[in-house]
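User: I should like to go through this protein model with you, beginning with charged contacts and moving on to the strands and aromatic rings. Please explain the reasoning behind each answer.

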Amino acid sequence: MNTRTTRTLAAALSLTAALAISGCSSDTKDSAGSADSGAKPKLTVSGGYMPEPVNDKMAGAFMVIKNDSKTADKLTGVTSPLSDDLQIHETKDQKMQQVQSMDVPANGELKLERGGNHVMFMGLKNTPKVGDKVTVELRFEKADPIKVELDVKERTYKAPTSNEH
């Protein structure tokens, strides 16, 4: 064997060994005993609404995205026929700012609520009224997109919180 063949063979053996070792160490199982690595998160959306916009310049959207799996995910985008410019906003120190994504924790939830994190519609194509429905599609890093119908509510509407029973 020449030097080039020896080097190629050594590299191939090293790669094979590395793949075998990584395959052994990444065998994670969930409580039901099925492999959970790479599984898509199980996301559901509830309580979606939009307060009636004052004008066609902007509107907010609020909802709860629940993750019933051991795989964390991220909300990465939102689309809607109502606007070509939807943004994900976080609120910190009473100031809102656009972000590229928001975490949806494993076995947890992402709350998009008044005074907190939310979706912002910029430049509405029309102004929805109370009783209308607005369709949005939520996009995630791992999970499939989810279509949601938002109820247009009165401007003063406050969503019930989960700890009010």
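User: How many salt bridges does the structure hold?
Analyst: The model is a predicted one, and side-chain atom pairs count only at pLDDT 80 or more. A pair qualifies when a side-chain nitrogen of Lys or Arg lies within 4 Å of a carboxyl oxygen of Asp or Glu. On that basis, the number of salt bridges in the structure is nine.

User: Lys 40 forms a salt bridge with Asp 144; how far apart in sequence are the parts that this pair ties together?
Analyst: The closest N and O atoms of Lys 40 and Asp 144 are 2.6 Å apart. Lys 40 belongs to the loop between α1 (3–25) and β1 (43–51), whereas Asp 144 belongs to the loop between β9 (133–140) and β10 (146–153). The pair therefore ties together parts whose separation in sequence is 104 residues.

User: Is Asp 144 buried, partly exposed or exposed?
Analyst: Buried requires a relative accessible area under 20%, and exposed requires one over 50%. Asp 144 has a relative accessible area of 48%. Its salt-bridge partner Lys 40 has 46% and is partly exposed. Asp 144 is likewise classed as partly exposed.

User: Which residue meets Lys 125 in a salt bridge, and where do the two lie?
Analyst: Lys 125 is in the loop between β8 (118–122) and β9, and its partner is in the loop between β3 (73–79) and β4 (85–92), 41 residues apart. At 52% relative accessibility, Lys 125 counts as exposed, and the partner is exposed as well, with a relative accessible area of 71%. The N to O distance is 3.0 Å, and the partner is Asp 84.

User: What is the distance between the closest N and O atoms in the salt bridge of Asp 68 with Lys 66?
Analyst: Asp 68 counts as partly exposed at 44% relative accessibility, and Lys 66 counts as partly exposed at 38%. The cut-off for a salt bridge is within 4 Å. The closest N and O atoms of this pair are separated by 3.9 Å.

User: How many strands does the protein chain have, and in what order do the elements follow?
Analyst: Read along the sequence, the pattern is α-β-β-β-β-β-β-β-β-β-β. The helix thus stands ahead of the strands in that pattern. The protein chain has one helix, and its number of strands is ten.

User: In which sense do strands β2 and β7 pair?
Analyst: Strand β2 covers residues 58–67 and pairs with β7 over five bridges. Asn 67 stands opposite Gly 108 in β7. The sense of the pairing is antiparallel.

User: Which residues make up the uncovered face of strand β7?
Analyst: Strand β7 runs over residues 108–112 and has two faces, one covered and one uncovered. Gly 108, Leu 110 and Leu 112 form the covered face. The uncovered face consists of Glu 109 and Lys 111.

User: Is the aromatic pair of Tyr 49 and Phe 62 stacked, tilted or edge-to-face?
Analyst: A search of the whole structure finds two aromatic pairs. In the pair of Tyr 49 and Phe 62, the rings are 5.4 Å apart centre to centre, with 40° between the planes. Planes under 30 degrees apart would count as stacked and over 60 as edge-to-face, so the rest are tilted. The pair of Tyr 49 and Phe 62 is accordingly tilted.

User: Where do Tyr 49 and Phe 62 lie, and is Phe 62 buried or exposed?
Analyst: Tyr 49 is in strand β1 and Phe 62 in strand β2, 13 residues apart. At 4% relative accessibility, Tyr 49 counts as buried. Phe 62 has a relative accessible area of 8%, which makes it buried.

User: Tyr 49 and Tyr 157 also form an aromatic pair; how far apart in sequence are the parts it ties together?
Analyst: The pair of Tyr 49 and Tyr 157 is edge-to-face, at 4.8 Å centre to centre and 75° between the planes. Tyr 49 lies in strand β1 and Tyr 157 in the segment after β10, so the parts tied together are separated in sequence by 108 residues.

User: Which residue lies over the face of Tyr 157?
Analyst: Tyr 157 is partly exposed, with a relative accessible area of 22%. Tyr 157 forms one aromatic cluster with Tyr 49 and Phe 62. At 4.9 Å from the ring centre of Tyr 157, the residue over its face is Lys 153.

Conventions
Residues are numbered from 1 along each chain as its sequence is written. This is a predicted model: local features need pLDDT of at least 70, side-chain atom pairs count only at pLDDT 80 or more; totals for chains, interfaces and linings use all residues. Side-chain values use heavy atoms; hydrogens and water are left out. Helices (H or I, at least four residues) and strands (E, at least two) are DSSP runs, numbered from the N terminus. Buried means under 20% relative accessible area, exposed over 50%, partly exposed in between (1.4 Å probe, protein chains only). Two strands pair if DSSP finds at least two bridges between them. Rings of Phe, Tyr and Trp (its six-membered ring) pair if their centres lie within 6.5 Å; planes under 30 degrees apart count as stacked, over 60 as edge-to-face and the rest as tilted. A charge sits over a ring if NZ of Lys or CZ of Arg is within 6 Å of the ring centre and within 35 degrees of the ring normal.
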